[in-house]
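Me: I'm new to reading protein structures and would like a close look at one small part of this one. Could you take me through it step by step?

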Amino acid sequence: MGYLDLSNKLATPGRPVRGTVGGLPITVMYENDQRHLALGTIKRVTMHWSVGTYAQAWDGYHYNIVFDEAKNKAHVVKTLKLSQYGRHAFKANAHNVGVGFCAMFKTNPNTLQGKCPITQEMLTVGAQFVAEFMAWHGLDPHTDDLTAHKRVDIEIGRREKVDIGKYFMPFQAAVCAHYDALKAGKAKFQYKKILVD
């Protein structure tokens with residue numbers, strides 16, 4: 001489990017950002033036309049399932065969980081500063097940090113079958129990272145501080161986006177378990193360098 005901070009390199013239309021994490025070449029795609037706006041005080045983390053391949057990150061999320069199929073390892077890629085607006089939750093990006101699982105290419109979100117489903121390695125690394133992020137920023141994953149995209153869509157009256165659905169409840173339980181271990185001093189922070197700008 002490695003990490004890479006690409007938040008200083010901004011993708012632009014037609015010009016993605018490229019990098020390597022743990023030997024895995026990744027591409028950060030442009031979609032965020034709101035990053036010039038101020039995020040404000042962080043009050044929530046919203047989980048997403050992106051629309052690309054395992055190595056295709058998006059600058060609409062603050063963090064992306066990528067996956068190296070050859071090595072069976074997941075990594076975290078930071079693509080935005082925590083002061084910047086994401087473009088991941090329609091009408092709900094203020095105070096909201098987006099984390100995306102880089103998967104879904106040729107995968108059915110209802111059956112979870114296909115070329116790029118979210119893997120157990122991605123869920124494990126994602127849970128550890130999100131727990132650390134929330135503990136560091138004074139958020140509690142046992143509450144609505146941690147949500148799935150579907151919940152945000154319901155709050156604003158929209159039910160359009162594909163959500164991480166069946167993955168979310170076990171993921172949230174894993175985040176809570178790691179968060180509790182951090183708070184009890186039974187686990188240590190591994191992602192300190194990308195938890196802040």
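Which cysteine sulfur is closest to the sulfur of Cys 116, and why is there no bond between the two?

Reply: Happy to help! Keep in mind that this is a predicted model. The closest cysteine sulfur belongs to Cys 102, and at 10 Å from the sulfur of Cys 116 it is too far for a bond. To count as a disulfide, the two sulfur atoms would have to lie within 2.5 Å. A search of the whole structure gives 0 disulfides.

Now look at the surroundings. Cys 116 has 3% relative accessibility, so it counts as buried. Cys 176 is buried too, with a relative accessible area of 10%.

Further along the chain comes helix α1, which covers residues 120–136. Its 17 residues reach 24 Å from the first C-alpha to the last, close to the 24 Å expected. Because 13 of those 17 residues are buried, α1 is largely enclosed by the rest of the structure. Just after α1, Gly 138 takes a positive phi of about 70 degrees.

What does α1 help to build? The largest nonpolar core has 44 residues, and Val 45, Met 47 and Val 130 have the most contacts inside it. Several elements give two or more residues to this core, including β4, β8, α1 and α3. The largest share, 10 residues, comes from α1.

Val 45 is a good place to zoom in. Beyond its neighbours within four places in sequence, Val 45 is in contact with several residues, among them Val 97, Val 99, Val 130, Phe 133 and Leu 146. There is also a second, separate core of 12 residues, which includes Ile 26, Val 28, Ala 57 and Val 77.

Conventions:
Residues are numbered from 1 along each chain as its sequence is written. This is a predicted model: local features need pLDDT of at least 70, side-chain atom pairs count only at pLDDT 80 or more; totals for chains, interfaces and linings use all residues. Side-chain values use heavy atoms; hydrogens and water are left out. Helices (H or I, at least four residues) and strands (E, at least two) are DSSP runs, numbered from the N terminus. The expected span of a helix is 1.5 Å times one less than its number of residues. Buried means under 20% relative accessible area, exposed over 50%, partly exposed in between (1.4 Å probe, protein chains only). A nonpolar core is a set of buried Ala, Val, Leu, Ile, Met, Phe, Trp, Tyr and Cys residues joined through side-chain atoms within 4.5 Å. Contact means heavy atoms within 4.5 Å.
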